[in-house]
Amino acid sequence: MPTASPSTTAVRAVVAAALAAGLLAGAAGPSASATAAPSADGPVRIHDIQGATRVSPLVGRQVSGVTGIVTGVRTYGSKGFWFQDPHPDADPATSEGIFVFTSSAPTVAVGDAVTVSGTVAEYVPGGDSSGNQSLTQIGKPTVEVVSSGNALPAPVTISERSVPSRYAPAGDPAAGGSVDALRLAPSRYALDFFESLEGMNVRIGSSRVVGATDPYAELWVTVKPHENAARRGGTVYGSYTSQNTGRLQVQSLVPLAERPFPTADVGDTLSGTTEGPLDFNQYGGYTLAARTLGEVTGKGLRREKTRKQRGGELAVATYNVENLDPTDPQEKFDALAAAVVDNLASPDIVALEEIQDDNGATDDGTVTAGRTVEKFVDAIVAAGGPAYHWRSVDPQDKKDGGEPGGNIRQVFLFNPERVSFTDRAGGDATTATGVVRERGRAALTHSPGRIDPSNAAWENSRKPLVGEFVFRGRTVFVVANHFASKGGDESIVSRHQPPTRSSEVQRHAQASVVNAFVKKLLTVQKNADVLVVGDINDFEFSGTTGALTAGGVLYPAIESLPRSERYSYVYQGNSQVLDQILTSPSIRRFAYDSVHINAEFATQNSDHDPQVIRFRP
């Protein structure tokens, strides 16, 4: 939600865009799609302020005598209230509700009839550079309460039938792909439908939870229970061009001290009626700010357990342990260790991501991680697991991104009772490991080693860790990755449609480097067993995965699962793939499992679900 008054820069940018599109009253060359501003002599109604596009035709102007009924009051964060005209116009594109930003705690109450004067503004949550749509609001208000205890305007029901299946219109190329100046088509596009209700009193009936309660007291539901349904209750994100239109974020207007926000896991139901104004915020876009919140009915979702590998099977896992360092409470180590033993069935090899250095975020030049790893290994033993050995390569200080001072890196754990590691000296933070032929087979020059660490693709990002393992006399190469994050990408509710995904440029480059390395291995030994694993930070249908698999050298093993089970992460109500294991052509038969133990739950040991593959080399 907004946490400050409208950003001057963001407002100016929206005003400039509105001027360019002819959306301000008196602007030259008015857009044919714009709603005409009311006469200066006539009364201004809320629908006049909202207009039929995403940007108010009155942005930047003073308005006075705007009437309506208060439908919601927010006394925390971005303080203010929503009010709504009980006498709507006949245009479905124009909202009848609006937010009034008061900066201090508002003095009105739900049911008050008010008259408001102030300045119309377009607030961009996250700032203009975020690409987010703007929220039309009235700032610097003068508010008069005319009467109290009035009936509220009847809520608009958001349901499977009311939300269109198409997500958003294509942005105007002449406006840089922006949809701001396009007239809303609420019966055709989901984003337009929600925008046409911005600030209005809305309701949902009993709805399935598709994003668990998070630390910020919010959850996600879907009003479309059959839309890309995951087997365990979520909504699967499977394509850039097929968005899940039924998702909606829910927050509460009731202070947490008065009513704690309910704890819900994916698959639970928010039962009964949830009602309140429709807000728009930085972290999720359209949000039902609940004045009345339904009750959570639990489904009893359980954390999955994968089966144990059989005698001739090699089990390899990847697990992002979310900035693990020795200063974390022992409970975190114990919980992660129990997951390795009980939920992952003690894999033979575990590639860990986000192992921090020996003093965590303390920024003093420390890069070693022996204390972190040993504390984790000891916890695994205490949980009844094997005494794993480990290998890694320490990064250069502050060169691999992540939490400042933490120096995150990938680490291999391996069970020496089941698999051996081939050590080849010389690997360090800046030395690239190569591929050579040894006794007619592929071998690494350094093991453990890093792949092309000086390549610009790895700037401020984790370099791939590669190791040479032997299982029952057969060499298996494992490449552990943690690609660049999606930071900087525009959200799927961006004013640009399709949104700009700027971060994928680096991941595409990283994937190409790893792909080239795998090709070297397969050139030397066509039937080499190679696994590329880790937090790829991108979807199985993405260009990043396409670059990894180019030339047929790798296969994304998660695609062997039914679509309803393809996910390792839940973000804004979308169950999606970020963590992957990819296999070389020689690994033809395997069993793959995305082990759902974190992402769907309000209580998490990590925000990622681990992945496991079992095969016979």
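**Exercise 1. State the accessible surface of the protein chain and the share that belongs to carbon and sulfur atoms.**

Solution. In this predicted model, the accessible surface of the protein chain is about 22,900 Å². Carbon and sulfur atoms hold 50% of that surface. As for burial, 59% of the 617 residues are buried.

**Exercise 2. Decide how the radius of gyration of the protein chain compares with the globule rule.**

Solution. Begin with the content: the chain has seven helices and 31 strands. For 617 residues the globule rule gives 25 Å, and the radius of gyration is 27 Å. These values are close, so the chain is as compact as a globular protein of that length. The C-alpha trace spans about 90 × 50 × 45 Å along its principal axes. Of the contacts with a separation of 6 or more, 71% are between residues 24 or more positions apart.

**Exercise 3. Find the edge strands of the nine-stranded open sheet.**

Solution. Write out the strand order: S6-S7-S12-S13-S10-S9-S8-S11-S14, with mixed pairing. Strands S6 (156–157) and S14 (295–297) each have a single partner strand, so one side of each lacks a neighbour in the sheet. Inside the order, S8 (residues 207–211) pairs with S11 (residues 269–271) in the antiparallel sense over two bridges. Ser 207 has Leu 270 of S11 as its bridge partner.

**Exercise 4. Check the length of helix H6 (residues 504–524) against its expected span.**

Solution. At 1.5 Å a residue, the 21 residues should span 30 Å. The end C-alpha atoms are 30 Å apart, which agrees. Next, list burial: the buried residues of H6 include Val 514, Phe 517, Val 518, Leu 521 and Leu 522. Residues three or four places apart in an α-helix point the same way, because there are 3.6 residues a turn. The cover over the buried residues of H6 includes strands S23 (465–471) and S24 (474–482) and helix H7 (543–549).

Conventions. Residues numbered from 1 in each chain as written. Predicted model: local features only at pLDDT ≥ 70, side-chain atom pairs only at ≥ 80, totals over all residues. Heavy atoms only, no water. Pairing = 2+ DSSP bridges. Helix = DSSP H or I, 4+ residues; strand = E, 2+ residues; numbered from the N terminus. Expected span 1.5 Å × (residues − 1). Buried < 20%, exposed > 50% of the residue type's maximum accessible area, 1.4 Å probe, protein only. Contact = heavy atoms within 4.5 Å. Rg over C-alpha atoms; globule rule 2.2 N^0.38 Å. Areas by Shrake-Rupley, 256 points an atom, 1.4 Å probe, with all protein chains shown as cover.
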